[in-house]
Every structure is written in C-alpha cells, then in structure tokens.
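Thanks for coming. I'll put the structure up and then go through a few parts of it.

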Amino acid sequence: MNEPEGTATAATTASGVAATAPAGAGPEQESRQERRGQRRRPFVPPRPSTPSRPPGPPQLDFPPVRNGLDYLASVVKHLDETESEVTPSDVKYAVLHLQAAVEVLFKARLLAEHWTLVFTHPGDATSKALDDATLKSVTPEQAITRLKNIAGVPISDKEEKALTRLTTDRNKLQHFGLTDNARAVEARAGAVLDFLIRFIEDQLLPYLDEPETTMTERELDGLREGLNNINSYVRQRMNRIGGELKAEGAEHRTIECISCQEMALVVQPRTASGLPDDWGDRATCRFCSTSWPPQGLHLHFRGQGTPWEEADICPMCGEAALGFDVRVRSESEPVSFCFCCATVLAALVPCDACGKPIDASAAGSPPLCRPCEDAWESDSEPEYGLPYEDPADYGFDEGTERPAHESSGIPGKGDEA
C-alpha cells in the first residue's frame with residue numbers, strides 16, 4: 001500500500017535523525033539541521049484529481065495557496081528561536097521566502113476575485129497566457145492597491161507600510177545585498193508573517209474547497225505554533241525592556257523605532273545650550289540596537305506633515321527640533337515631540353502672529369506666544385472716548401427728573417440770558 005507523500009517524507013526524516021544521533025545524546029548536542037528535521041509537519045493529504053471543467057474562462061485553482069503555505073513554513077523554521085539561535089543567514093532566507101509568500105497569496109486572492117486582476121494590464125489579459133503562465137503579473141504594490149480598492153480587503157496603513165518595507169528588504173537582498181540590523185529585519189518580518197496568517201484565515205479559506213480547506217487549516221496550526229514562538233520571544237524582550245525603561249523613568253522619551261517598529265528607541269535630551277551641528281547624543285533602540293542622530297529623527301518626523309510654517313520651533317526650548325505624529329511609550333496617541341529637549345507636547349496651536357507653536361492649554365484668544373503677546377501689549381495705544389459725566393456734577397441725583405427747561409433748551413425763569 002502506497003503511503004501519502006507527506007507521511008513518507010516525515011518517516012524518512014525521522015528515521016534519518018535517529019540513525020545519525022549518538023546514543024544518549026541530549027537536545028543540546030543535536031545539530032540545527034537535526035532539530036529542524038524532527039519538527040513535526042502537519043499531514044498533507046494527496047491532491048485529489050480535478051474533474052474536467054467545461055469550456056470557458058479559467059476558474060480559480062489553488063496551487064498558489066499550497067505554494068504560499070510552504071514558503072511560510074520555511075519562514076517560521078528560519079525565525080523560530082526555539083529551534084536554535086536565529087542567524088543573519090536565517091533572517092535573509094526568511095525575508096526572501098516571506099516576500100515570495102506575499103506575492104503568491106496576494107495573487108491567489110486576486111484570482112478569487114477575477115482572473116484578469118493578476119495581469120499587469122487586465123485589459124490585455126488572455127486565458128492562454130494564464131494557463132501557460134506566460135503573463136506579466138502584478139507587482140506587489142499593484143496587488144495591494146487592487147486588493148484594497150477592488151476586492152475590499154482591509155489593509156491598514158501600518159500593514160501596508162510593513163509590506164512595502166519587506167519588498168524593499170527583499171529587493172536589496174536579492175539583487176544588491178542588504179546591510180541592516182538583523183534584529184530589526186527579523187522584527188519586521190515577524191509582523192508581516194502575523195498579517196499573512198490572518199489574511200489566509202479571512203481572505204483565502206472561504207474560497208477553498210473542502211480537501212484544500214482541511215489541508216490549509218492543518219498547515220495554519222503549525223504556522224501559528226511557530227508564530228507564537230516568534231512573538232513570545234519578542235514579547236519577552238519587550239517586557240524586560242519595558243521594565244528597564246520604567247525603572248529609569250525614560251518612558252516619556254522612548255519612541256517607536258524607525259527600524260524595527262518596537263517602542264524601544266530612547267532619546268537622550270540635550271544638556272548644553274545652543275544647537276551645534278552634531279547636537280545631542282545618539283538615540284538608541286533597546287530592541288534592535290539601531291542608533292539614530294537626533295537631527296535625523298527630527299527631519300524624519302518633521303517630514304510626516306508640518307501643519308504650519310515654522311511649526312518645528314519647540315515652545316519649551318526654542319530650538320527647531322520638533323517632530324509630529326510621534327508614537328511615545330508614555331502616550332496613548334501620537335503627539336508632537338522635541339528631539340532636542342525630549343519633551344512631549346500633546347496639544348499645539350500656531351501663534352496668531354508669528355506661526356510658532358504654543359501650548360494650546362495656555363493659549364489665550366487670539367493665541368499668541370509670549371514674545372508676540374509682549375510686543376502687542378507694548379505697541380497697543382490707549383483707547384480714547386468722551387469722559388463720563390456724572391449727573392451729580394450738575395446738582396442732580398441720577399434718579400431725579402430733570403426740569404423741563406433743562407431738557408428743552410428754553411431758558412428758565414431767572415436764568416441769565
């Protein structure tokens with residue numbers, strides 16, 4: 001009796017490991033390859049024969065899903081800390097295979113929507129090009145746009161940013177060689193892997209037939225286990241880092257790292273007066289160890305969207321070092337943050353006169369900064385008007401009715417001419 005392919009492979013692997021492992025060897029003595037060989041793979045049933053379909057447009061076929069799942073299994077294997085220490089080479093292949101999984105699974109979802117959507121130019125699509133796999137297919141950026149705008153797939157701005165960054169990392173690795181912090185790349189890859197597993201659950205499972213649904217769900221179980229190991233490692237490190245930051249009282253000057261997107265980039269406030277060319281100490285991420293010059297952070301976050309002219313002048317220290325939409329560990333919402341004095345400024349409004357930022361809670365009406373308010377008060381002229389005349393000055397009480405001749409203008413008896 002012939003065994004299913006997946007079962008035979010697993011049995012061979014297991015027996016091979018048993019034959020090469022020395023007697024009484026413990027897990028710490030096993031090689032990385034042997035531990036990986038022992039990783040239990042979910043059973044994959046053989047693909048059933050596909051009945052012939054009537055002539056017509058090609059229907060959605062599901063090999064891309066199986067292909068994407070295989071890429072993801074490789075990603076988990078490379079990034080899983082429980083297997084052994086993740087090396088830079090592991091991160092490299094995890095990025096390459098993760099990007100391949102993104103492209104395959106996104107195209108599978110586009111096929112489910114309409115087969116022409118996988119072509120770069122849907123108007124030029126032909127069923128023959130699809131069947132022969134000779135088509136020029138969509139780029140990752142085009143796939144994201146069509147998934148959001150046509151298929152209605154929810155992809156947040158943060159998720160799209162992570163997917164775009166993954167494409168950049170992959171292109172550098174594949175064609176030019178990437179020089180970057182391995183921990184930062186690993187963290188970014190883990191975030192995309194988390195997104196893809198949810199994408200498969202919500203966007204692909206509903207389109208699969210029963211045998212493929214069973215296969216996919218079993219594969220997802222293994223992927224979730226590996227993802228939990230990866231996320232558990234990240235959580236453990238971030239919990240330790242969070243405790244250190246709290247003990248140091250540094251949460252109010254810890255922002256989201258540009259490299260790994262973890263809330264672990266600690267900004268050092270400038271202590272000397274003035275703003276030299278190389279102002280302040282370098283800000284360092286406690287998670288991925290990437291360092292940034294404060295002026296570089298200022299330029300990055302200033303470019304996120306400056307609300308008005310001269311808006312980067314910090315109202316606390318007076319230096320042009322203010323950034324916007326910065327995620328700070330101590331704050332629940334993005335805020336303005338000074339990269340010179342490391343101060344959180346949650347609510348700012350522009351000065352009505354000069355446009356420099358001022359604290360909204362202390363601003364008057366009209367909102368003016370202190371120099372403009374002082375200048376306005378010194379330049380203002382006193383208001384002049386007719387002096388107030390008190391009826392008592394003329395011998396009358398305020399409530400006394402004036403004589404008729406006083407109001408008519410006709411001289412009264414005894415009045416001088």
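The lining of the largest pocket draws at least two residues from each of α7 (157-176), α8 (182-204), α9 (210-248), β1, α10 (294-302) and β5 (322-326). This is a predicted model, so please hear everything that follows with that in mind. The pocket holds about 920 Å³ of space. Its lining counts 37 residues, and those nearest the centre are K158, A191, E256, C260 and Q261. Sorted by class, the lining has 16 nonpolar, 14 charged and 7 polar residues. As a reminder of how such a space is found, rolling a probe the size of a water molecule over the atoms shows where empty space is left.

One residue in this part of the sequence is S259. It sits in the loop between β1 (254-256) and β2 (263-266). Is S259 buried or exposed? Its relative accessibility is 5%, and the cut-off for buried is under 20%, so S259 counts as buried. Leaving out residues up to four places away in sequence, S259 touches A184, R188, C288, T290 and W292.

Next, the chain as a whole. There are 12 helices and 9 strands. Of the 417 residues, 38% count as buried. Among contacts with a separation of 6 or more, 56% are between residues 24 or more positions apart.

Now the packing. The largest nonpolar core has 54 residues, and the members that touch the most others are L72, L98, F106, L193 and L196. Two or more residues of this core come from each of α3, α4 (88-113), α5 (127-132), α6 (140-149), α7, α8 and α9. Which helix gives the largest share of this core? That is α4, with 12 residues. Take F106 from the list of well-connected members. Setting aside residues up to four places away in sequence, F106 touches A143, I144, L147, L163, F195, L196 and F199. A second core, separate from this one, has 28 residues, including A184, L245, C257 and L297. A184 came up before, as one of the residues that S259 touches.

Two of the helices that feed the largest core deserve a closer look. Helix α3 covers residues 63-79, which makes 17 residues. From its first C-alpha to its last it reaches 25 Å, close to the 24 Å expected at 1.5 Å a residue. Its buried residues are V65, G68, L69, L72, A73, S74, V75, V76, H78 and L79. L72 is also one of the members with the most contacts in the core.

In α6, the buried residues are P140, A143, I144, R146 and L147. What covers them includes α4, α7 and α8. A143, I144 and L147 are also among the residues that F106 touches.

The loop after α6 carries on from there. I155 lies between α6 and α7, and at 8% relative accessibility I155 counts as buried. Without its neighbours within four places in sequence, I155 is in contact with I144, L147, K148, E160, L163 and F195. How many residues separate I155 and F195 in sequence? The answer is 40, and their C-alpha atoms are 9.2 Å apart in space.

Another loop residue is T116, between α4 and α5. T116 counts as buried, at 16% relative accessibility. Apart from its neighbours within four places in sequence, T116 is in contact with P122 and A125.

A similar pairing across the sequence involves P357, in strand β9, residues 357-359. P357 counts as buried, at 3% relative accessibility. P357 and M316 are 41 residues apart in sequence and 9.8 Å apart in space, C-alpha to C-alpha.

Last, the backbone. Most residues other than glycine have a negative phi. Where are the exceptions I want to show? One is A133, in the loop between α5 and α6, with a phi near 55°. A133 is exposed, with a relative accessible area of 60%. D325 also has a positive phi, near 55°. D325 is found in strand β5 and counts as exposed at 51% relative accessibility, the cut-off being over 50%. Strand β5 is also one of the elements that supply the pocket lining, which is the place where I started.

Key: Residues numbered from 1 in each chain as written. Predicted model: local features only at pLDDT ≥ 70, side-chain atom pairs only at ≥ 80, totals over all residues. Heavy atoms only, no water. Helix = DSSP H or I, 4+ residues; strand = E, 2+ residues; numbered from the N terminus. Buried < 20%, exposed > 50% of the residue type's maximum accessible area, 1.4 Å probe, protein only. Contact = heavy atoms within 4.5 Å. Expected span 1.5 Å × (residues − 1). 1 Å grid on protein atoms, 1.4 Å probe; cavity = no way out; pocket = protein on both sides within 12 Å on 5 of 7 lines; lining within 4 Å. Points joined across faces, edges and corners; volume = space filled by probe spheres on them. Nonpolar A, V, L, I, M, F, W, Y, C, P; charged D, E, K, R; others polar. Core = buried A, V, L, I, M, F, W, Y, C linked by side-chain atoms within 4.5 Å.
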